[in-house]
Amino acid sequence: MSAAGQNGVRSANVFEEVASTQCFGGTQLTLAHDSAATGTRMRLSVYLPPTVKNEPLPVVFYLSGLTCTEENFTVKAGAQRMAAECGLIVVAPDTSPRGDGVANAPDYDLGQGAGFYVDAAVQPWAKHFRMYSYVTEELPALIAESFPVKPGALGICGHSMGGHGALTLALRHQELFKSVSAFAPIVAPSQVPWGRKAFTAYLGPDEKIWQQHDACHLLRSRSFSSQILVDQGDADPFLDEQLQTWRLIAVLKETGQSAKVRMQHGYDHSYHFIATFIDDHLRHHARILKAL
């Protein structure tokens, strides 16, 4: 990896540097590596704020939604300015394995670009579609090995399919993730078309297994240690059929989980929505992670 010292990278062997550019005094990297979890080449973006040269910093993982790669959030959300101000490393992986020999489907909501952050148990998906293990095991370990990460200070955030991933992975791995937030998450994937289609394909027909990847179901059996932040646009075209934020609000009231769910008037499902509120989410994570 070129300019490893300048970028704040300790290991030159884990990642291949695809691109590097200066941004708000820090460095925006695009990296690639051979994943043991997926058995494929994976790409991710990593933003390193300027203070990474001085001290170990908290990390926020950002999980993108359907059809996205590691690039969408990196170039459209405008997260780097606040990440630099707050002193947060921001890691945005791709949404699925890709490449020749990787199973795919003609529909945008299944296959490459639609990993749903689960470990598939049904072929042909099971061979490579292991995004759950990739995000909860492999990637955090590689980031900690390669960058000056504050021990125990990891947060997770996501949008749509990635919001589902952020909520469920945080609820299931509280030893790993200490803060969580989401934009327009699929809060009850076992109850809506996007989730039911993906879970049937990846996990099989047993809906009890699906419930372990459903935030509303998980919240009924466990709480999260810090406040959950969710933003949802009330002009989102997917709100009624696919996102159903009302289900999450009902569960939060039922369980008493500390959370802030904000219905944002006039906002849709786009990156314009994410860019408008990303600063609030990064401050949310910084407040929790820097207090650890």
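User: Is Arg-98 buried, partly exposed or exposed?

Analyst: In this predicted model, the relative accessibility of Arg-98 is 27%. Buried would require a value under 20%, and exposed one over 50%. Arg-98 therefore counts as partly exposed.

User: Which residue meets Arg-98 in a salt bridge?

Analyst: Side chains of opposite charge can pair when their charged atoms come close. The side chain of Arg-98 takes part in a salt bridge with an N to O distance of 2.6 Å. The partner is buried, with a relative accessible area of 5%. That residue is Asp-94.

User: How many residues apart in sequence are the parts that Asp-109 and Lys-197 tie together?

Analyst: The side chains of Asp-109 and Lys-197 meet in a salt bridge of 2.8 Å, N to O. Asp-109 lies in the loop between strand 5 (89–93) and helix 4 (131–146), whereas Lys-197 belongs to helix 6 (residues 193–203), so the pair ties together parts whose separation in sequence is 88 residues.

User: Is Asp-109 buried or exposed?

Analyst: The cut-off for buried is a relative accessible area under 20%. Asp-109 has a value of 9%, while its partner Lys-197, at 30%, counts as partly exposed. Asp-109 is therefore buried.

User: Which helix does the salt bridge between Arg-196 and Glu-207 tie to helix 6?

Analyst: The closest N and O atoms of Arg-196 and Glu-207 are 3.0 Å apart. Arg-196 lies in helix 6, and Glu-207 lies in the other helix, so the pair links parts 11 residues apart in sequence. That other helix, residues 207–210, is helix 7.

Methods:
Residues numbered from 1 in each chain as written. Predicted model: local features only at pLDDT ≥ 70, side-chain atom pairs only at ≥ 80, totals over all residues. Heavy atoms only, no water. Salt bridge = Lys/Arg side-chain N within 4 Å of Asp/Glu carboxyl O. Buried < 20%, exposed > 50% of the residue type's maximum accessible area, 1.4 Å probe, protein only. Helix = DSSP H or I, 4+ residues; strand = E, 2+ residues; numbered from the N terminus.
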